[in-house]
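Student: Could we go through this protein together, a bit at a time? I'd like to ask about whatever catches my eye.

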Amino acid sequence: MKKCIVISDSFKGSLSSGEICEIARESFQNVFPACKLVCIPVADGGEGTVACFQEVCGGELVTVRVQGPFGQSMEASYLQLEEKQAVIEMAACAGLPLANDCKDPRITTTYGVGQLIRHAVERGNTRILLGLGGSATNDGGCGCAAALGVRFTDREGREFIPTGGTLDKIAHIDARRARRLLRDVSLTAMCDIDNPMYGPTGAAYVFGPQKGADPDMVQLLDAGLAHLAAVLRRDTGRDVLDMPGGGAAGGFGAGAAALLNARLRPGVEMLLDAADFPRLAADADLIITGEGRLDSQSLGGKAVIGVARRARELRVPCAALAGAVDVSALPRAYELGLTAAFPVNPLPLPFEQVRVSCRENLSAAVENLIRFYCSVARWLQPKT
């Protein structure tokens, strides 16, 4: 093996994408130092997206004082790139970790995200990449839209900023000011899921519980998103009911498309384009990717499948290393381009025990994969 690409998402709660790259470098140095190794950290729209783009593209961080998920004042940063382009991750000011032990998607807001976008636009940027993922919110992106000039009024004509628990109070939406502000701006929203805005597989039912929603709250949030979708269709002309990715970040995907004219794309696709992946990987012998859990959700646009698709186009084998592998997802994963998948953890232990030894387990898995690949490659060489 002359060249290998390592491009893995984080193992949530255990290892960051950057740490995984570091472990891979150590493993290759121990087992196969002659191999040229290219490591690309990945985030597909959620927390860490800005850091990954900075690793790949350079640029400078711009820090702004904005509102946090509960309206509190805080500092958040976005990445300023060349050619009037900025990368913003909503998790910077509306992410789940910022909610700490006070998770409540009825009251959290994306208003600060809109403040970041406005700052970037007023700084002269004409291309905005917005990462949707890891949110503490379920407001359909209305907070962000309000910060950019969208007016939401209730049945009495009073203007207000909707949150997840007050979406049903929206009677009218006027997006004209925001559209004037963004007239010369190309906004691309990066999301790693294809869930719809609402319904049994929508934002509230699938992701609401991890944001602190109990069953009754899930129904309230889902009804609010359904109401928002109806008003969006009437007042903006955009039907977001069946939009893939509309459920990203608490319905922010659909809201960004309808209110801000954003285009939705898988975050990993944007990062692969920025890294010029076809050039980097064209002469690779193996691509290693991974994530914390490879399951049915991985098939909807997450990093592993995004990388596997590109690997298949380049006719390069692609192996996934994951903290856990749901075998029911593998047939479809193989169809989409994955060559093989390997669980990292050698013993069936609870997550709290596994996470302690995750670094050692991943290192062993990488070394095993290298040894196996090199052994098979030698075996397949023509005998002289």
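**Charged pairs, hollows and single residues**

Tutor: Arg65 counts as exposed, because its relative accessibility is 51%. Please keep in mind as we go on that this is a predicted model.

Student: Okay, and which side chain does Arg65 meet in a salt bridge?

Tutor: The partner of Arg65 is Glu75, and the N to O distance in that salt bridge is 3.7 Å. The pair links distant parts of the chain, since Arg65 sits in strand β3 (residues 60-67) and Glu75 in strand β4 (residues 73-81), ten residues apart.

Student: And is Glu75 buried or exposed?

Tutor: Glu75 is exposed, because its relative accessible area is 52% and the cut-off for exposed is over 50%.

Student: How many salt bridges turn up in the whole structure?

Tutor: A search of the whole structure finds 19 salt bridges. As a general point, side chains of opposite charge can pair when their charged atoms come close. One of the pairs here is Lys3 with Asp283, whose closest N and O atoms are 2.9 Å apart.

Student: Where in the chain do Lys3 and Asp283 lie?

Tutor: Lys3 is in strand β1 (residues 3-6), while Asp283 is in the loop between α11 (277-281) and β11, so this pair ties together parts that are 280 residues apart in sequence. The two ends of the pair also have their own surroundings: Lys3 is buried, with a relative accessible area of 6%, whereas Asp283 is exposed, with a relative accessible area of 51%.

Student: What about Arg332 and Glu335, how far apart are they along the chain?

Tutor: They are three residues apart, which is about one turn of the helix, and both lie in helix α13 (residues 330-335). Their side chains meet in a salt bridge with an N to O distance of 2.8 Å, and Arg332 is partly exposed, with a relative accessible area of 42%. Elsewhere, Arg265, Glu269, Asp273 and Arg310 are joined into one network by salt bridges that share partners.

Student: Now a charged one without a partner: what is the nearest side chain of opposite charge to Glu367?

Tutor: That is Arg371, which is 4.4 Å away, and Glu367 has no salt bridge although it is buried. The reason the pair is not counted is that a salt bridge needs the nitrogen within 4 Å of the carboxyl oxygen. Glu367 lies in helix α15 (residues 358-380), and, leaving aside neighbours within four places in sequence, Glu367 is in contact with Ser27, Asn30 and Val31.

Student: Switching topic, is there any empty space inside? How many cavities of 30 Å³ or more does the structure hold?

Tutor: The structure holds one cavity of that size, and the volume of the largest cavity is about 70 Å³. The elements that give two or more residues to its lining are α1 (17-31), β11 and α15, and the largest share, three residues, comes from β11. Among the lining residues are Phe11, Ile20, Ile288, Thr289, Gly290 and Leu362.

Student: And what volume does the largest pocket have?

Tutor: The largest pocket has a volume of about 1,400 Å³. Of the 50 residues that line this pocket, the closest to its centre are Asp9, Ser10, Phe11, Lys12 and Lys302. Elements that each supply at least two residues of the pocket lining include α1, α9 (248-260), β11 and β12 (318-325).

Student: β11 keeps coming back, so where is Arg293 placed?

Tutor: Arg293 is in strand β11, which covers residues 286-294, and it counts as partly exposed because its relative accessibility is 45%. The side chain of Arg293 makes a polar contact with the side chain of Asp295 at 2.9 Å. Not counting residues up to four places away in sequence, Arg293 touches Ser298, Ala324 and Asp326.

Student: Last one: is Gln80 buried or exposed?

Tutor: Gln80 counts as buried, because its relative accessibility is 11% and buried means under 20%. Gln80 is placed in strand β4, and a polar atom of the Gln80 side chain lies 3.3 Å from the backbone oxygen of Gln85. Setting aside residues up to four places away in sequence, Gln80 touches Gly59, Glu60, Val62, Gln85, Arg123 and Asn125.

Definitions and conventions:
Residues are numbered from 1 along each chain as its sequence is written. This is a predicted model: local features need pLDDT of at least 70, side-chain atom pairs count only at pLDDT 80 or more; totals for chains, interfaces and linings use all residues. Side-chain values use heavy atoms; hydrogens and water are left out. Helices (H or I, at least four residues) and strands (E, at least two) are DSSP runs, numbered from the N terminus. Buried means under 20% relative accessible area, exposed over 50%, partly exposed in between (1.4 Å probe, protein chains only). Contact means heavy atoms within 4.5 Å. A polar contact is a pair of N or O atoms within 3.5 Å; within protein, one must be able to donate a hydrogen and the other to accept it, and residues adjacent in sequence count only if both atoms are side-chain atoms. Lys and Arg count as positive and Asp and Glu as negative; His and the chain ends are not counted. On a 1 Å grid over the protein atoms alone, a cavity is a set of points where a 1.4 Å probe fits but cannot get out, and a pocket is an open set with protein on both sides within 12 Å along at least five of seven lines; lining residues have an atom within 4 Å of a point. Grid points are joined across faces, edges and corners, and a volume is the space filled by probe spheres set on the points.
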